[in-house]
Number of protein chains: 2
Amino acid sequence: MVNIKQIAKQAGVSVTTVSRVLNHHPYVSEDKRLRVQQVIEQNSYTPNSQAISLIRGKTRTVGLILPFSHHPYYHAIIAGVMEEAYQYGYHVLLCQTSYNPDQEREYLHMLSTRQVDGVISCSRVLPWAEFQSYSESGPIVVCEYTEQSNLSAVYTDHYDAFCSGIQYLLDRGYTRIGYCVGRKTSASSQARFRAYQNTLHAAGLEVYSEWIFPDCIHMSDGEQIAKQIAKMDKPPSALIVTGDEAAAGVMLGARQYGLRIPDQLAIIGYDNQPISAGLQLTTIDQNLQEIGRQAFSLFYERSLDPTLTSAKRLIPYTLIERSSV
Amino acid sequence: MVNIKQIAKQAGVSVTTVSRVLNHHPYVSEDKRLRVQQVIEQNSYTPNSQAISLIRGKTRTVGLILPFSHHPYYHAIIAGVMEEAYQYGYHVLLCQTSYNPDQEREYLHMLSTRQVDGVISCSRVLPWAEFQSYSESGPIVVCEYTEQSNLSAVYTDHYDAFCSGIQYLLDRGYTRIGYCVGRKTSASSQARFRAYQNTLHAAGLEVYSEWIFPDCIHMSDGEQIAKQIAKMDKPPSALIVTGDEAAAGVMLGARQYGLRIPDQLAIIGYDNQPISAGLQLTTIDQNLQEIGRQAFSLFYERSLDPTLTSAKRLIPYTLIERSSV
DNA sequence: ATGAAAGCGCTAACAG
DNA sequence: CTGTTAGCGCTTTCAT
């Protein structure tokens, strides 16, 4: 592997001059610049980015932490982050945690070891205090709501979005409303539970805990839930499912188990994934790609100017009406 | 940021000793080891990985090149690569090319700049000769068939898989067989065309070019094709669609445009994605996750032992019978 | 068992 | 405009 020293020698100049040519500095005579460039070409020399990262203290890489890379929800965010990162010449290091706190620590730790300039997290499992402590080593952006002062955040108002989904169902005469979420303990699931309680209470309706289905993430989860509902004595007549993939599962399961949509079961999905368009599924689009883009740009701004304080960005959602309600 | 020198000073030892402790070398007295470890803890010191990469000439990172991160096909491969990479303590850098040759070059170039130890490519657009030239700087694995001697490859026998799909349809009495592919010019599409021609000719059937649909990648593409088919004077009665997402689109479109499945249109998908299970779609599973895993392990072996020559690995496929045929 | 010193490949004062 | 020099933070001979 040829290095800058050898280039300098071959071109008969100092390494500094080579460095200047490399970095497009002014004050290099035209003939030397040409000579150096020629030698660089001849040797197809390229600077070692490890050395540059070491000296500059920057890697132009951001870590993207997610629980698993197997779900369209994360793909949408990945796509948004990648799009923006590419714009600014940054690389994205994929960090899969499987919700394992040790693995999460390990990845956050890359901030301390300067392997990445910052981190974007889609799935914190560590307690906020510990999680936040890593931000001493570089900007961290989370894709969920937080009040932690050192963390930047890009998020959907899940409470509000859920209320509006429920209200949409109420407005259309549905009174037996249920919902499906992913991990019950997540902050967004808790916000949704509050939204559910408050909106139904306000409408003078009762809340049945049997109509709340947790651990509904993949298509197969949705199918199982449809199966359950088909057997219930007192089934919900409408369902909000936080994720189009799972919602699609409910739809397909409903078909299998003889539930007509939307007559017997109305469904609102989440995220406006391609599948929701295909199935004519009404859905709440929380604009995941935009969340990814904004997450990167929040990281980027703070990376350029470390004196910047953390920022919070609320991303608006849209209810997309199709024919599953 | 505290460095090894400061740790050494605080612990009253040399940097060498600290380095030894860090790297679990023998020949460090127990008391010094303890002292050093304490100081490391106190300062929550972590070695700078840029410096280590620089000195070792390795980054423990592999670049994963793909055209876009917006399709379940790539997610499955990503998941496989990530799984294996994690096992060996490697990181994965995501490199999105949008099929742009310049971008592809740029990413391959990271091999020369030592930003990654190797590259796994799911989407080569550069000519083989140029593409292969980058392998001088490190191992490259492609997820497609190639005869290039310096490239490792993990691939499905697309010719064979396609033949068996067509044969499956022929065996069930279908004679008007068509198919959908992604990019028509890709090597796999060409193999499929040959498989199509040869198998149909062997069966004494004619080949209609109108039954070959290119650019069928996303769900919406599939829907459009169903629409076209519904309008055709002489429509195919069976279709192989290389990708379950697109196949799902065809199914859903078929429903919309009044084609019964499988009576009026039989469909075989590809990849055994979750959606195919949901829709009861018969599909050819080319085991994408395994392709990802093997791709990493091929990279890994060559990275450990650079004298190793390139390897080719054929991954078997399976036809999964459900009810769309 | 321990440390001094020489780099890894590059950038950036500083001096000319 | 150009080159000398001192590091960036770490590992690794080579002495001791």
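So, how do the residues of the surface near DNA strand C divide into nonpolar, polar and charged? They come out as 16 nonpolar, 9 polar and 1 charged. Here Ala, Val, Leu, Ile, Met, Phe, Trp, Tyr, Cys and Pro count as nonpolar, Asp, Glu, Lys and Arg as charged, and the others, Gly among them, as polar.

Quick housekeeping. This is a predicted model, where local features need pLDDT of at least 70, side-chain atom pairs count only at pLDDT 80 or more, and totals for chains, interfaces and linings use all residues. Residues are numbered from 1 along each chain as its sequence is written, while chains are lettered from A and ligands numbered from 1 in the order in which they are written.

Back to the DNA. Strand C has 26 residues around it, with A:Asn3, A:Ile4, B:Ser14, B:Tyr27 and B:Ser29 coming nearest; "near" is a C-beta atom, placed from the backbone, within 6 Å. α2 (15-22) and α4 of chain A, plus α2 (15-22) and α4 (49-56) of chain B, give two or more residues each. Those labels are DSSP runs numbered from the N terminus: helices are H or I, at least four residues, and strands are E, at least two.

Now strand D: 25 residues surround it, and A:Ser14, A:Ser29, B:Asn3, B:Ile4 and B:Asn48 are the closest. That surface has 15 nonpolar, 9 polar and 1 charged residues.

Last up, the protein chains. Their contact takes 38 residues from chain A and 38 from chain B, counting C-beta atoms, placed from the backbone, within 7 Å. On chain A's side, that's 17 nonpolar, 19 polar and 2 charged. β2(A) and β2 of chain B (residues 91-96) run antiparallel, joined by 3 bridges; pairing takes at least two DSSP bridges. And A:Leu93 has B:Leu93 as its bridge partner.

How values were computed
Contact = placed C-beta atoms within 7 Å.
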